[in-house]
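Trainee: I have a structure open and no idea where to begin. Can we go through it together?
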Amino acid sequence: MLGRSNHPNLVQMYAVSMDEDGNNLLVQKLMISGSLLAYLAKIRSMNDLPDFDPTSFKSTLTLCVQVARGMAHLERLGIVHRDLAARNILLDENNIAK
């Protein structure tokens, strides 16, 4: 189902497979910027630098809206995520939340 879902705030899923041990494998688009959790840790460590504004209210709100749009799309598909957390929100090369 996720392979057919196309939304700007969901990670593009290319394939699902199973390895020889029975583990599910998901093949998805590479999210080069990593997780939101890693991003937040990175900017937290930069707070001591002079003249550094890690996130403005506008950029924080933008990320929240992107996450909400992705979750709303899953809801329309009848999918319950069950583990929404910063570690599971990925950022693409343009820091778009997925």
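Mentor: We will take the largest pocket, then the nonpolar core, then salt bridges. Keep in mind that this is a predicted model.

Trainee: Fine. How much space lies in the largest pocket?

Mentor: About 460 Å³. It is lined by 20 residues, and the closest to its centre are Leu10, Val11, His81, Asn88 and Lys98.

Trainee: Which element gives the most to that lining?

Mentor: α2, with five residues. Both β2 (24-28) and α2 (57-76) supply at least two residues each.

Trainee: And how do the lining residues divide into nonpolar, polar and charged?

Mentor: Twelve are nonpolar, seven polar and one charged.

Trainee: Now the core. Which residues are in the largest nonpolar one?

Mentor: Eight of them: Leu36, Tyr39, Ile43, Leu63, Val67, Ile89, Leu91 and Ala97. α1 (36-45) and α2 each supply at least two, and α1 gives the most, with three. In soluble globular proteins, nonpolar side chains tend to be buried together.

Trainee: Pick one, Ile89. What is it in contact with, leaving aside neighbours within four places in sequence?

Mentor: Ile89 touches Gly34, Ser35, Leu36, Val67, Leu84, Ala97 and Lys98.

Trainee: Last topic. How many salt bridges does the count come to?

Mentor: One. Arg87 pairs with Asp83, and their closest N and O atoms are 2.9 Å apart.

Trainee: Are those two buried or exposed?

Mentor: Neither label fits. Buried needs under 20% relative accessible area and exposed over 50%, so Arg87, at 48%, counts as partly exposed. Asp83 is at 33% and therefore also counts as partly exposed.

Terms used:
Residues are numbered from 1 along each chain as its sequence is written. This is a predicted model: local features need pLDDT of at least 70, side-chain atom pairs count only at pLDDT 80 or more; totals for chains, interfaces and linings use all residues. Side-chain values use heavy atoms; hydrogens and water are left out. On a 1 Å grid over the protein atoms alone, a cavity is a set of points where a 1.4 Å probe fits but cannot get out, and a pocket is an open set with protein on both sides within 12 Å along at least five of seven lines; lining residues have an atom within 4 Å of a point. Grid points are joined across faces, edges and corners, and a volume is the space filled by probe spheres set on the points. Helices (H or I, at least four residues) and strands (E, at least two) are DSSP runs, numbered from the N terminus. Ala, Val, Leu, Ile, Met, Phe, Trp, Tyr, Cys and Pro count as nonpolar, Asp, Glu, Lys and Arg as charged, and the others, Gly among them, as polar. A nonpolar core is a set of buried Ala, Val, Leu, Ile, Met, Phe, Trp, Tyr and Cys residues joined through side-chain atoms within 4.5 Å. Buried means under 20% relative accessible area, exposed over 50%, partly exposed in between (1.4 Å probe, protein chains only). Contact means heavy atoms within 4.5 Å. A salt bridge is a side-chain nitrogen of Lys or Arg within 4 Å of a carboxyl oxygen of Asp or Glu.
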